[in-house]
Amino acid sequence: MKRVLGLDLGTNSIGWALVKQDFNKRAGTIVGLGSRIIPMTQDAIGNFESGKSVSQTAERTRYRGMRRLNQRYQLRRERLHRVFNILGFLPEHYKSKIDFSDKLGQFKDEVKLNYRLEEDGTHKFIFKDRYDQMLKDAEWNGSTQAIPMDWTLYYLRKKALSEKISKAELAWVILSFNQKRGYNQLRGDEMASSDNKQESYEVLKVATLRDTGERIKDTQAILYEVIFDNGWIYNKLIVSTDKWLIGSEKEFIVTTKELKDGTIKRTYKSVDAEKDWIAIKKKTEQDLEQYQDLDENNTVGTYIYQNLQQHPR
């Protein structure tokens, strides 16, 4: 009797059967059989079916990086708690939930600095007077009924530039910086700038489509050149005109490069400033630069606050 193991290998399951087989007598028995389902997400299955290898080491590294970022944020917050406690900046309801004896600066039970839990179980916004001041600001565009109380943070950031705010208010502002701190580093998905190459976010309007006289060999479809209203010419020829209607606006990251002979070369990357990280970042940088050019005393905090005022909904 010979033992034969049969395997049925699927994308996310393995079927197996072990049989005893006597080939001379043409007889056999099934010793055992079963299946094992491999839990995989649809993305992992898709990568597997398309032949893309997924490194388990790379996945572990990604999760480890996330844990490190979170740990660094926790450490920054713990150190701030200890400094604020020495200075007397922390409101009592917040301070009472932090351990300053054993695990210095760590929460016993995590709470929000700007909300205090009342005896009836409700949470009270402790900067209500500042919120009321913010609502009276004449710059608000439209009704103030739906303005979130948390926006008071940006009002305080603006207010603190010209007048004194309370210790607790300053602690709230600085803790918010700690949570979403800025950074200056090279990222793999960013496009570097050099002396002869600059990137900018642009919204360009299609002025005209010019027939180049060229045709696609197989279909004889016309190849068009796109010319924008500022005179710039798109760096690719197009066939379908449905998405390039005259007067329509397109969003691009435009890379402008000066060649050795002095001519200017532009390349265009289509983006969506509502979704694409690079477009959002570049657009925000340009808006901030223009905003600060108007007044050197303008800050990021006042920029955010004024944008909230202009577009409260």
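Before anything else, a word on pairing, since my first stop is a hairpin: two strands pair if DSSP finds at least two bridges between them. And please keep in mind, everyone, that this is a predicted model.

So, the hairpin. Strand β8, residues 197-215, and strand β9, residues 222-228, pair in the antiparallel sense over six bridges. One of the bridge partners to look for is E225 in β9, which sits across from R210. Between the two strands of this hairpin there are six residues, and Q220 takes a positive phi near 60°. If you like checking backbone angles, have a look at Q220.

β8 has another partner as well. With strand β10, residues 249-258, β8 pairs in the antiparallel sense over nine bridges. Here you can follow L204 across to its bridge partner in β10, K250.

Now let's move over to the helices. Which residues of helix α4 are buried? In α4, residues 128-135, they are R130, Y131 and M134. These three cover an arc of only 105° around the axis, which puts them on the same side of α4. As a reminder, an α-helix has 3.6 residues a turn, so residues three or four places apart point the same way.

And what do the buried residues of α4 pack against? Their surroundings are β7 (123-125), α5 (152-159), α6 (167-179) and α8 (300-310).

Let me take one residue from α5 to show you this from the other side. T152 lies in helix α5, and because its relative accessibility is 0%, T152 counts as buried. Setting aside neighbours within four places in sequence, T152 is in contact with F125, F127, R130, Y131, M134 and W172. You'll recognise R130, Y131 and M134 there as the buried residues of α4.

α8 belongs in this picture too. Its buried residues are G301, T302, Y303, Y305, L308 and Q309. What covers them includes α4, α5 and α7, the last of these being residues 277-294.

To finish, let's go out to the surface. L5, L7, L9, I14, W16 and I38 form a nonpolar patch there, with about 570 Å² of accessible area together. Which strand gives the most to the patch? That is β1, with three residues. Both β1 (2-9) and β2 (13-22) supply at least two residues each.

I14 is a nice one to zoom in on. I14 lies in strand β2, and its relative accessible area of 31% makes I14 partly exposed. Patch residues need over 30% relative accessible area, so at 31% I14 passes that cut-off.

Thanks for listening!

Methods
Residues numbered from 1 in each chain as written. Predicted model: local features only at pLDDT ≥ 70, side-chain atom pairs only at ≥ 80, totals over all residues. Heavy atoms only, no water. Buried < 20%, exposed > 50% of the residue type's maximum accessible area, 1.4 Å probe, protein only. Helix = DSSP H or I, 4+ residues; strand = E, 2+ residues; numbered from the N terminus. Arc of directions from axis to C-beta. Contact = heavy atoms within 4.5 Å. Patch = residues over 30% accessible without salt bridge, like charges linked within 9 Å, V, L, I, M, F, W, Y side chains within 5 Å. Areas by Shrake-Rupley, 256 points an atom, 1.4 Å probe, with all protein chains shown as cover. Salt bridge = Lys/Arg side-chain N within 4 Å of Asp/Glu carboxyl O.
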